[in-house]
Amino acid sequence: MKTFTAFIALLLLAGTLSVQAKGKHKAKKVLVFSKTKGFRHDCIPAAKLAIMQLGKENGFEVDTTEDASAFTTANLKKYAAVIFSCTTGDVLDDAQQAAFENYIHKGGAWMGIHAATDTEYDWPWYNKLAGAWFLSHPHQQQATLRVVDHNHPATKDLPDEWIRKDEWYNFKNLNPDVHVLIKIDESTYEGGKNGDNHPMCWYHDFEGGRAFYTEMGHIKESYQDPVYLKHLLGGIQYAIGNWKPKN
């Protein structure tokens, strides 16, 4: 009888340990990639530090690199999302591009900050993923952003009209299939070239993965602005798969 009771106790203990083990989820990890082959933004160090701090406060891990050799099939498997933070120019070779496409096709995520659209002009697939390419920009100035969809973690805490200073991109090759979250009101600043439909932030499902882009983030002060940081965090949370759109 004692042997049977001990056996039952061991089974119960094993079941408890199994449940505890399943309850311990490994923290999701993101890769912040900031390689530049064109203009070098001085906000890059501030952006890295801000994303690392957001990770500490919100339960995800952050690796940073400017080394394109990180783009291998084996290495990218470690990341829930890859963040192109103010990348510029031709930053990946053909093999690295193929590895990244494979990563997205297998459910990975891309997030772009500001100059991520000033990147890889000879890679049409990247243009569709990112949602646009940079065309031009006027001088830095204050403008009014209009939030057109609050049903997203990147915009849920933003006002309908978000007034801020930044470097405002004009775009070309806009992907019509993205879901736009924020537009800019060209009547509130000088130099806009996309008219009434001038998107500044969007997301979409893409070829098995996800993509999110925010145009904001040129100036270093953005990465000390709690409103912008909430916006950035929401984009990361979407990218790593912590949010799904409502039906």
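Me: Which residues in helix 6 do Ala 50, Ile 51, Leu 54 and Asn 58 in helix 2 meet?
Reply: In this predicted model, helix 2 spans residues 44-58 and helix 6 spans residues 226-239. The helix 2 side of the meeting is made by Ala 50, Ile 51, Leu 54 and Asn 58, and the residues they meet in helix 6 are Leu 229, Leu 232, Leu 233 and Ile 236.

Me: What is the angle at which helix 2 and helix 6 pack, and is the crossing left-handed or right-handed?
Reply: The axes of helix 2 and helix 6 are 11 Å apart, and the packing angle is about 70°. Since angles of 65 to 115 degrees count as roughly perpendicular, helix 2 is roughly perpendicular to helix 6. To the packing angle of about 70° can be added the hand of the crossing, which is right-handed.

Me: How many of the 14 residues of helix 6 are buried?
Reply: Buried here requires a relative accessible area under 20%, and the residues of helix 6 that are buried include Leu 229, Leu 232, Leu 233 and Ile 236, which also meet helix 2. Tyr 228, His 231, Gly 234, Gly 235, Tyr 238 and Ala 239 are buried as well. Helix 6 is therefore largely enclosed by the rest of the structure, the number of buried residues being ten.

Me: What distance does helix 6 reach from its first C-alpha to its last?
Reply: Helix 6 has 14 residues, and at 1.5 Å a residue the expected value is 20 Å. The reach in the model is close to that expectation, at 20 Å.

Me: At the start of helix 6, which residue has a side-chain oxygen that reaches to within 3.0 Å of the backbone nitrogen of Val 227?
Reply: The backbone nitrogen in question belongs to Val 227, and the approach is made at the start of helix 6 by a side-chain oxygen. Just after helix 6, by contrast, the feature to note is in the backbone, where Gly 241 takes a positive phi of about 95°. The residue that supplies the side-chain oxygen at the start is Asp 225.

Me: Which residue has a backbone oxygen that lies 2.8 Å from a polar atom of the side chain of His 204?
Reply: His 204 is placed in strand 10, residues 199-206, and counts as buried because its relative accessibility is 6%. Its contacts, apart from residues up to four places away in sequence, include Lys 128, Asn 175, Asp 177 and Tyr 238, the last of which is itself one of the buried residues of helix 6. The backbone oxygen lying 2.8 Å from a polar atom of the His 204 side chain is that of Leu 129.

Me: What is the relative accessible area of Val 82?
Reply: Val 82 has its place in strand 3, residues 81-85. Leaving aside neighbours within four places in sequence, Val 82 is in contact with Leu 31, Phe 71, Leu 76, Phe 100, Tyr 103, Ala 109, Trp 110 and Met 111. Val 82 is buried, and its relative accessible area is 0%.

Me: Is Ser 34, in the loop between strand 1 and helix 2, buried or exposed?
Reply: Ser 34 lies in the loop between strand 1 (28-33) and helix 2, and the residues it touches, not counting those up to four places away in sequence, are Arg 40, Ile 44, Lys 48, Thr 65, Glu 66, Ser 85 and Thr 87. With a relative accessible area of 0%, Ser 34 is buried.

Me: Which side chain is joined to that of His 137 by a polar contact of 3.3 Å?
Reply: His 137 is found in the loop between strand 5 (133-136) and strand 6, and counts as partly exposed because its relative accessibility is 36%. Beyond its neighbours within four places in sequence, His 137 is in contact with Glu 167, Trp 168, Tyr 169 and Asn 170, and its C-alpha is 5.8 Å from that of Trp 168, although the two are 31 residues apart in sequence. The side chain that shares the polar contact of 3.3 Å with His 137 is that of Glu 167.

Me: What separates the C-alpha atoms of Pro 159 and Arg 146?
Reply: Pro 159 is found in the loop between strand 6 (141-147) and strand 7 (161-166), and at 37% relative accessibility counts as partly exposed. Pro 159 touches Val 147 and His 150, when residues up to four places away in sequence are not counted. Pro 159 and Arg 146 are 13 residues apart along the chain, and their C-alpha atoms are separated by 8.3 Å.

Methods
Residues are numbered from 1 along each chain as its sequence is written. This is a predicted model: local features need pLDDT of at least 70, side-chain atom pairs count only at pLDDT 80 or more; totals for chains, interfaces and linings use all residues. Side-chain values use heavy atoms; hydrogens and water are left out. Helices (H or I, at least four residues) and strands (E, at least two) are DSSP runs, numbered from the N terminus. The expected span of a helix is 1.5 Å times one less than its number of residues. Buried means under 20% relative accessible area, exposed over 50%, partly exposed in between (1.4 Å probe, protein chains only). A polar contact is a pair of N or O atoms within 3.5 Å; within protein, one must be able to donate a hydrogen and the other to accept it, and residues adjacent in sequence count only if both atoms are side-chain atoms. Contact means heavy atoms within 4.5 Å. Axes are lines fitted to C-alpha atoms, for helices over the stretch in contact, and angles run from 0 to 180 degrees between N-to-C directions. Angles under 35 degrees count as roughly parallel, over 145 as roughly antiparallel, 65 to 115 as roughly perpendicular and the rest as oblique. A crossing is left-handed if the near helix is turned anticlockwise from the far one by less than a right angle, and right-handed if clockwise.
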